[in-house]
Amino acid sequence: MNIVVVGLSHKTAPVAVREKLSIQDNAVEGAIAELCQYPHVEEVSILSTCNRLEIYAVIADAEQGIHEITQFLSERSAYPIYQLRRHLFFLLHQDALRHLMRVAAGLDSLVLGEGQIISQVKHAHKLAQKHKGVGRLLDRLFKQSLSAGKRVRSNTNLGTGAMSISSAAVELANRKVDYLGYYHCTIVGAGQMARLLVQHLLSKGATKISIVNRSQERAAELAEKFSDANAELQTYPLDQMMGVISQSHLVFTSTGASEPILDRAKLEQHLEPSQKLLLFDISVPLNVATDVGELEGVLNYTVDDLKSVVAKNSASRRQMAQEAEALIDEEVASFEVWWRSLETVPTINSLREKVDSIREQELEKALSRLGTEFAEKHQEVIEALTRGIVNKILHEPMVELRAQEDVEMRRRTVQSLQRLFNLDTEQQYG
């Protein structure tokens, strides 16, 4: 079995491509079911965020499995494979393990060290468990990657003071105006990214913030978290969005909508001719249609426009990243030791079963010769004795077999055991 990741990210694809391949939570179950129907795909987990879409899979054949996953992505996005390939990356074996661990640690993020990604990896794992996409290998990989991410944050300063997508968006906005306190800011959405937007807008001096959300109750809960702030926070239902935007100077969109909620037609209908408006769309799929850029006075920024903002932040964090990479190396090595040990499991189990069967047969013969009275009185002691002898004899060889790092040597040892003891084994990994 091979572990593979097929995906694209902010490093390989623009947001216009990433949004075509984004898989929302309500579509994950169907996507996992479809992928698992391919003949060479055994396990699947899907990580979909604003900056990446990555499919982690256990495949029976590397070439065929990768082709099947690529075919799935092509059909889903309506991009021909030859066009899609230029944006995809393919990682196998150790590279795939290392990649997920680096992702969970924030080392592959647009914003180096950002903390939100670890919760996104955890969420992807939970969805894959819920929809029966993961088996033994991916379940272990995701759990160890989450541990690796937490270890990096606990043992390095990488996460301290790290920017987030939200803080980078606010920083970009702050660069575009003279002082945020003079402007009316509106946030569409009320999730975690919206909470961070409010937090960072307030830290930059914003004094008037409107929160628009489908659930006004959730918007009110968000506003209540900042009730002590020296600013005016008002909430509105989604059907009042355009009225609020028409009175705003800066608008941040952060919703889970699968289609744009703002386009040129809506803005033309509600904005005064040449009215100035700055839009910051940090959602994928995009909340703002690309045609709004045709409007005079309207400037639209997406997550891809944040790269220049985070570059300075990243430069000062590279030394911390090197420390984190050393921890990732240890985690990858640990996973590989466990993974290698799986090859020996069927042989170990088969050998133990065979030896234990012999033990039970010989024990039964011995007890029958000792007589019923003696056997009933001492059977427990004699059985414990024979079981202890078997365990002692098998312990050290089994430990050595599991720990054998030389792949060919381990396989030869396994084959020798199978021949010597006439073992009937079948490789099982899930």
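Here is a walk through this predicted model, from its nonpolar cores to its pocket, its cavity and a few backbone oddities.

Let's start on the inside. In soluble globular proteins, nonpolar side chains tend to be buried together. Here the largest nonpolar core has 64 residues, and those with the most contacts inside it are Ile 3, Ile 46, Ile 55, Ile 69, Leu 73 and Val 121. If you want to know which element gives the most to this core, look at helix α14, residues 318-342, which supplies 9 residues. A second core, separate from that one, is made of 41 residues, with Val 15, Val 170, Val 177 and Leu 222 among them.

Ile 55 is a good place to look at the packing of the largest core in detail. Setting aside residues up to four places away in sequence, Ile 55 touches Val 4, Val 5, Val 6, Leu 35, Val 44, Ser 45, Ile 46, Ile 69, Phe 72 and Leu 73. Ile 46, Ile 69 and Leu 73 also appear among the residues with the most contacts inside the core.

Now for a charged residue, Arg 18. You'll find Arg 18 in helix α1, which covers residues 15-21. Is Arg 18 buried or exposed? Its relative accessible area is 3%, and the cut-off for buried is under 20%, so Arg 18 counts as buried. What does its side chain pair with? The partner is the side chain of Asp 304, in a polar contact at 3.0 Å. Asp 304 has company around the arginine: leaving out neighbours within four places in sequence, Arg 18 is also in contact with Leu 8, Ser 9, His 10, Ala 13, Cys 50, Asn 51, Arg 52, Val 284 and Val 303.

Next, the open space. The largest pocket has a volume of about 890 Å³. It is lined by 31 residues, and the closest to its centre are Gln 24, Asp 25, Gln 120, Met 193 and Gly 256. The elements giving two or more residues to this lining are α2 (25-36), β2 (41-48), α6 (116-130) and α9 (192-203). Of the lining, α6 provides the largest share, 6 residues. Sorted by class, the pocket lining comes to 13 nonpolar, 16 polar and 2 charged residues.

There is enclosed space as well: the count is 1 cavity of 30 Å³ or more. The largest cavity has a volume of about 100 Å³. Its lining consists of Thr 49, Cys 50, Asn 51, Arg 52, Ser 109, Leu 110, Glu 114, Gln 116, Ile 117, Gln 120, Ile 165 and Met 193. Helix α6 gives the most here too, with 3 residues, and the lining divides into 5 nonpolar, 5 polar and 2 charged. A few names should ring a bell: Gln 120 and Met 193 also belong to the pocket lining, while Cys 50, Asn 51 and Arg 52 are contacts of Arg 18.

Finally, the backbone. Val 284, another contact of Arg 18, is joined to Pro 285 by a cis peptide bond, with omega near 5 degrees. Pro 285 sits in the loop between β9 (277-281) and β10 (298-302). Two residues other than glycine have a positive phi: His 93, near 55 degrees, and Ser 274, near 65 degrees. His 93 belongs to helix α5, residues 93-104, and is partly exposed at 35% relative accessibility. Ser 274 lies in the loop between α12 (264-270) and β9, and counts as partly exposed at 40%.

Terms used: Residues are numbered from 1 along each chain as its sequence is written. This is a predicted model: local features need pLDDT of at least 70, side-chain atom pairs count only at pLDDT 80 or more; totals for chains, interfaces and linings use all residues. Side-chain values use heavy atoms; hydrogens and water are left out. A nonpolar core is a set of buried Ala, Val, Leu, Ile, Met, Phe, Trp, Tyr and Cys residues joined through side-chain atoms within 4.5 Å. Buried means under 20% relative accessible area, exposed over 50%, partly exposed in between (1.4 Å probe, protein chains only). Helices (H or I, at least four residues) and strands (E, at least two) are DSSP runs, numbered from the N terminus. Contact means heavy atoms within 4.5 Å. A polar contact is a pair of N or O atoms within 3.5 Å; within protein, one must be able to donate a hydrogen and the other to accept it, and residues adjacent in sequence count only if both atoms are side-chain atoms. On a 1 Å grid over the protein atoms alone, a cavity is a set of points where a 1.4 Å probe fits but cannot get out, and a pocket is an open set with protein on both sides within 12 Å along at least five of seven lines; lining residues have an atom within 4 Å of a point. Grid points are joined across faces, edges and corners, and a volume is the space filled by probe spheres set on the points. Ala, Val, Leu, Ile, Met, Phe, Trp, Tyr, Cys and Pro count as nonpolar, Asp, Glu, Lys and Arg as charged, and the others, Gly among them, as polar.
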